[in-house]
Amino acid sequence: MFDRFRSYAQAILERDPAARSVWDVVFSYPGFHALVLHRLAHALWLRGWHWLARWISHWGRFFTGIEIHPGATIGERVFIDHGMGVVIGETAEIGDDCTIYQGVTLGGTSLVKGSKRHPTLGKGVVVGASSQVLGGFTVGDGAKIGSSAVVTKPVPPGATAVGNPARIILADDAAKREAAAAKMGFSAYGVTENDDPVSQALRGLIDGTAGHEHQIAQLWQAVEKLACRIDPDCVPEDAAKAEHFAADKLNQLVGK
C-alpha cells in the first residue's frame with residue numbers, strides 16, 4: 001500500500017511544475033489525500049466492510065471535495081489535479097498513469113444494480129476539466145478527453161474526444177500536435193487549440209471559399225484581357241476582378 005502512495009506522490013511531482021517537494025505533495029495536495037483515503041476505503045470494501053468504507057469515503061469527500069466510491073478501482077501513478085468536484089462512480093476503473101482534472105465525472109447511465117455502469121480508463125488517459133464520461137464503456141490507452149466534453153461512447157486508444165456530444169479525433173490526425181506535448185509527457189487539460197473538429201471543418205470551408213474567389217478573379221482578369229484584344233475601346237470592369245472575401249477575419253472567429 002505504501003508503494004502505491006509513493007507512486008501517487010511521484011506522479012504529482014512529475015506532472016505538476018508547481019509541486020516543489022514530496023512534503024509539499026503529502027501535506028498540500030487534496031488529490032493525493034483523496035487517493036490515500038480511497039485506498040483504505042477500497043480495502044475495506046473488498047473485505048465486505050461496506051458501511052465503514054462508505055463512511056471513510058464520505059469524510060474524504062468532506063476534506064478534499066473529491067468523491068470516490070470505495071468500490072472504484074484505481075491504478076498506480078494516478079494524478080487528480082486540483083480535484084474539486086471530481087466524482088468517480090462505483091464500477092469505474094482507472095488505469096495506471098491517468099491524469100484527471102477538476103470537475104470531472106466518471107458516471108453511469110444505468111440504474112441496474114450489479115452491472116458495469118461506469119467507464120473504464122486505460123493507461124495514460126488524460127481527462128480534461130469539467131468533462132463528463134458517462135457509461136460502462138472503455139476509454140483506450142493514451143486517449144484524451146477535452147475540457148467540458150460529454151463522452152457517452154467508447155474512445156479508441158490514442159484518440160481525443162472533444163465537444164458536447166463528444167466528437168472523436170483519431171491519433172493520426174493529431175500526430176503533429178502531440179509531438180510537442182510528448183516532450184512534457186502529456187497534454188495539459190487534454191485539449192489544445194486545434195482539437196475542435198467543427199472549427200477545423202469551418203476553417204477548411206473558409207480556406208476553400210477564399211481559394212475559389214481568387215480563381216474566379218483570375219478568370220475574370222483573363223476574360224477582360226481577351227475582350228480588350230478584340231475590342232480596343234473596351235473599359236475593364238474592376239468589380240468582378242476584385243477579391244472581397246475576408247478569410248483571415250473569419251478564420252480568427254473560428255479560432256485559427
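This report describes the nonpolar cores, a surface patch, one buried glycine and the two sheets of a predicted model.

The model is predicted: local features need pLDDT of at least 70, side-chain atom pairs count only at pLDDT 80 or more, and totals for chains, interfaces and linings use all residues. Residues are numbered from 1 along each chain as its sequence is written, and side-chain values use heavy atoms, with hydrogens and water left out.

**Nonpolar cores.** A nonpolar core is a set of buried Ala, Val, Leu, Ile, Met, Phe, Trp, Tyr and Cys residues joined through side-chain atoms within 4.5 Å. Buried means under 20% relative accessible area, exposed over 50%, and partly exposed in between (1.4 Å probe, protein chains only). The largest core has 39 residues, of which I88 and I100 touch the most other members. At least two residues of this core come from each of helix 1 (2-15), helix 3 (30-46) and strand 3 (79-80); helix 1 gives the most, with 4 residues. Helices (H or I, at least four residues) and strands (E, at least two) are DSSP runs, numbered from the N terminus. Leaving aside residues up to four places away in sequence, I100 touches F79, I80, D81, V86, I88, I94, L106, L121 and V127, where contact means heavy atoms within 4.5 Å. A second, separate core of 5 residues includes A41, L44, W45 and A53.

**Surface patch.** W51, W55, W59, F62 and F63 form a nonpolar patch on the surface, together offering about 700 Å² of accessible area. Patches consist of residues with over 30% relative accessible area and no salt bridge, with nonpolar side chains (Val, Leu, Ile, Met, Phe, Trp, Tyr) joined within 5 Å and like charges within 9 Å. A salt bridge is a side-chain nitrogen of Lys or Arg within 4 Å of a carboxyl oxygen of Asp or Glu. Areas come from the Shrake-Rupley method with a 1.4 Å probe; for residues, only the protein chains shown count as cover. W55 lies in helix 4 (residues 50-64) and counts as partly exposed, at 43% relative accessibility.

**A buried glycine.** G128 occupies the loop between strand 9 (126-127) and strand 10 (132-134) and is buried, with a relative accessible area of 0%. Its C-alpha atom is separated by 7.8 Å from that of Q102, 26 residues apart along the chain.

**Sheets.** Two strands pair if DSSP finds at least two bridges between them.

| Open sheet | Strand order | Pairing |
|---|---|---|
| 4 strands | 2-5-8-11 | parallel |
| 6 strands | 3-6-9-12-14-15 | mixed |

In the sheet of 4 strands, strand 2 (73-74) and strand 11 (138-139) are the edges. Strand 2 pairs with strand 5 (residues 93-94) over 2 bridges, and T73 has E93 as its bridge partner. In the sheet of 6 strands, strand 3 and strand 15 (167-169) each have a single partner strand, so one side of each is left without a neighbour in the sheet. Strand 14 (residues 160-162) and strand 15 run antiparallel, joined by 3 bridges.
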